[in-house]
Every structure is written in C-alpha cells, then in structure tokens.
Amino acid sequence: MNKAKDITSYLKNYGFFFPNAEIYQGLAKSWDCGPNSAELKRKLKDLWWKYFITSQPYNISLDSSILTHPRVLEASGHLKEFHDWLVECNKCKKRYRLDNLVSVKEFNDFLALENKSEYIVKQNCPSCDKNEFTNPRQFNLLLSSDLQITNQKKENIVYLRPETCQGIFINFSAIQRSIRKKLPFGVGQIGKSFRNEITLHHGIFRTREFEQMELEFFCSLEEKEKWWEYWNQKAWSFLTSLLVNDKKKAQKKALSQEELPHYAKKTTDLYFQYHFGEGELCSISDRGDYDLKNHSEKSGEKLKVEGTTPHVIEISFGVERLMLAILEDAYQEETVKNSKGEKKREVLKLHPLLAPYFVAVIPWKKSLREKAQQIYQKLLTEINFSVIYEETDSIGKSYHYQDAIGTYYCLTVDDQTLNDETITVRERDSREQFRFSCQEQELSQFLNQKYQECWKKLIKI
Ligand code: GAP
C-alpha cells in the first residue's frame, strides 16, 4: 500500500474518521471521529491530562466557555491581529495563504514591507498555472455567531474561541484566589477551538473546528528561563514517547522574529513529517506578561499575584494533528510467516496506552462463544483499559482486524480453555503467544499490571 496516498481511506475504512454529514454530501472539510478514533482521542486527552496536569505538583485545570465576549478578543489582540494574508487567483478563483504560496524568505521580506497591499506575487497559480493573483489582503480568522438570530445587531455578536487559553487568562484572578496558588503554577485545559481557515487540506490536519490541549504556566520573570527549558523538554518527551516507530519524524523549530504570533516573545514549534510533508502540531511560546497585562488594562481588574504580573510559558498541542501523527507513525505494513507461508499484515503499532482497545476477547469457534462472552463480560468492568469482543468465522480474520485497529492483546478462547481455564494471549507487535489463566482475578491483575507498567515508563521519561 502506498502510505502517502491511502492513509486517509485506511483510517476511514477502519472506523477512525468519517466526513461530516456524508449522507447529505458532506460539510466541506469537516470530520467526525468514528468509534476507534473516539476511543483513541479520549485516551490521548487522558494521557495529556495525566502527564501535564495530575502528575505535576504545580498544575491545576479549568473548563471554560467556547462562546467568547468580543472584549476578550479585543484585549487579547485577536480582533486586530489574528489574520492570515490571502491572495486569490483571478483566473481560477482559487484562494491561497500567501505563506503557503511563496518561500519562507519571500514571505519574511513581504512581512517587512511597509505597504503590503501593493505586493505582487511572482509565482504562477499551482492550480491553473496563470499569474493573475490579487494583491494580498488580510483575512481575519475568527469565527462568530449571533446570539439573537432574528434581530441581527453588532452587539449580539459573540466569537467562537480561537484558542482555549484566553479562558484561563480571564479567569486568572478567580482561579488564583479560590485555589490559593502561589507562583509558579500552571492551568491546563482541553477543548474545542475554531478558526475560519483560508485553505483546508490534508484531512483532519487543518480544519475550522479542532481541539487543543493547552497549558499556561505562570511564573516570575526571574524564573522564566528555567521553566522555558523544563516545559520544552516535557513537550518534546511527550511527543516522542508517543511516536513508537520513528521518532526522527519529529522536529523542533524556533520561529524567527517575523514569524512570531502577535502575543509571543519567542516560540518553538514541534513538527511531524506527515505523508504530505512537514506540519506543525504543537506550539510552545513565551507569552511574557502580554495577556494578563492587556486583560488587566482593558477590564480594570488587577491580574497580579504576589504583587507582580506573572509571565506565561504556554504549551499548545492540537489534538487532531497529534492523533494524525501518532496514527501515521503507528501504521506498519509487514510480511509475516504463518503455517501457509508468507502473508502481508497491516498493523497499527500504537503506544499500548493509546490503542483504541487494550484487549480483544475472541472465541476460536462458535461453540466457545458462551465461554468467551463470560470472560469478556468480566473484563468490561475494568476501569483502566477498554476491551472489545470479536466474533468472525476464522481466527485469522479476527487477528487481522484487531491488528489493523491497533488492539494490544488478543485473548483467544479455545478448546483447552474448557479443560484448564487458560486462554491464548497474543501480543500485537511481536505476535508472540503464550497461555495464561482466565480466572477473573489473575487475568485482571496481569492486564492491569501491564497497563500500569506502560504508564510508569511514560511518566519517567
Ligand atoms: N494558544 C496558542 C495557539 O493557539 P497555535 O500555534 O495557533 O497556538 C496551537 O495553535 C496548535 O493548535 C497547533 O500547533 C495545531 O496543532 C493546532 N491547530 C491550530 N490551528 C488548527 C487548525 N485549523 N486545524 C487543526 N489544528 C489546528
């Protein structure tokens, strides 16, 4: 299989992503998570939560609103500054982000220009090969909604948040007062963000609706450098430990002054080599005191602690982009030997903690279904990991499907099970098999211990 070409249809076929509203011809470039990626996404968010919040002595969490008051985004600079430069081909009407069309150097030269709207694009249109572009114009990326649809007035406009962190900044005093935290401390949250992107491509990579996992770490100016190093290291370790096959596909890049977002003093982006090329999946920024100072000035509220305005180090992961990187890294095509010779297998070698199902219970044949169901029903009550029941007319087909969706252990119930209460345990990556007790307590202890080992290993990194 050509991985570069087919990864999207593979993920669709195996229940990871579905085009949104497909039965109505679809809502352009909008995706739903199918059953397997709903599981994977939940596990990824849980892992981020444990890694960056609950296992950290300094950090706490928040869950703020998506609907955002215009004054918040005025203070944060998004109303004025949150835009991309758009050019349109007069011939074929295709729209492009200027930074996607020209080289990094050309774009930086453009950014340095005084009169940007007179800039002339030298390249030909990648779609129709003509050079008939409009001059660049600013395109604001905020998506809005109207609270009173029948009476459209400017004051009824609310925005859908473009980043989750503004909810953390505007609640800063309330959080700090109620939790009585002293510096340094961090506040994290996971949630939907929305951007009116000019161009949407590469499946779930760039969409208008997506999720972010953001940590805002508040510290003193004096300690900022130390924490910058610490959180950069943490973000890198988190990413690379979830890429189990080829860590070299991850890269770091420090942004130049011209490339910095409007709020940042410095930014390092984490990239992954996707099937379509390199793409950013995490942004780590020194936001200084930009947000708290601006919100304080515009709201009149003191946003200080211990007499000073804290500085902020931010780690912002995009959930879908991280998922896509993890899935592309996990996908392997192998030639394996079996009793009939050689055959190909497609397998998702996901980090065990991210496998949509940690365990599958499979009866070898029809007459063993009742016994397999008994084992499955008992494992369903486990809190740490999820389990699936699989029934096909051949064990080979069951293994094939479970490998393809990344299930870590297959537990097969066979004739021997009825005699000695043991099952075959098959491990996904090595395909090694061994027999183990299917007595409730022993099996549960074994699986929980394996699960715990994976977590302990991750958290130590
Ligand atoms: N609070 C900082 C912030 O939002 P960003 O670099 O604009 O920084 C952070 O976004 C992450 O959010 C990105 O690295 C990416 O993973 C994700 N993201 C941003 N725009 C996205 C989009 N249109 N579709 C999917 N993910 C997106």
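Ala, Val, Leu, Ile, Met, Phe, Trp, Tyr, Cys and Pro count here as nonpolar, Asp, Glu, Lys and Arg as charged, and the others, Gly among them, as polar. The model is predicted, so local features need pLDDT of at least 70 and side-chain atom pairs count only at pLDDT 80 or more, whereas totals for chains, interfaces and linings use all residues. Residues are numbered from 1 along each chain as its sequence is written, and side-chain values use heavy atoms, with hydrogens and water left out.

The classes above apply to the second largest pocket. A pocket is sought on a 1 Å grid over the protein atoms alone, as an open set of points where a 1.4 Å probe fits, with protein on both sides within 12 Å along at least five of seven lines; its lining residues have an atom within 4 Å of a point. The second largest pocket has a volume of about 440 Å³, a volume being the space filled by probe spheres set on grid points that are joined across faces, edges and corners. It is lined by 19 residues, of which Asn338, Lys343, Ile395, Gly396 and Tyr399 are the closest to its centre. Strand 16 (331–338), strand 17 (341–348), helix 13 (395–405) and strand 21 (422–427) each give two or more residues to this lining; helices (H or I, at least four residues) and strands (E, at least two) are DSSP runs numbered from the N terminus. Helix 13 supplies the largest share, five residues. By class, the lining holds four nonpolar, seven polar and eight charged residues.

Two of these elements are also partners. Strand 16 and strand 17 pair in the antiparallel sense over eight bridges, where pairing requires at least two bridges found by DSSP. Tyr331 stands opposite Leu348 in strand 17, and a hairpin of two residues joins strand 16 to strand 17.

Elsewhere, Asn36 belongs to helix 2 (residues 35–54). Asn36 is buried at 5% relative accessibility, where buried means under 20% relative accessible area, exposed over 50% and partly exposed in between (1.4 Å probe, protein chains only). Leaving aside residues up to four places away in sequence, Asn36 touches Tyr14, Gly15, Phe16, Pro356, Tyr357, Tyr401 and Ile405, contact meaning heavy atoms within 4.5 Å.

The cysteines remain. The structure holds zero disulfides, a disulfide being a pair of cysteine sulfur atoms within 2.5 Å. Cys125 is in none, and the nearest cysteine sulfur, that of Cys92, is 3.7 Å away. Cys125 is buried, at 1% relative accessibility. Cys410 is also buried, with a relative accessible area of 2%; its sulfur lies 16 Å from the closest cysteine sulfur, in Cys454, and is therefore too far for a bond.
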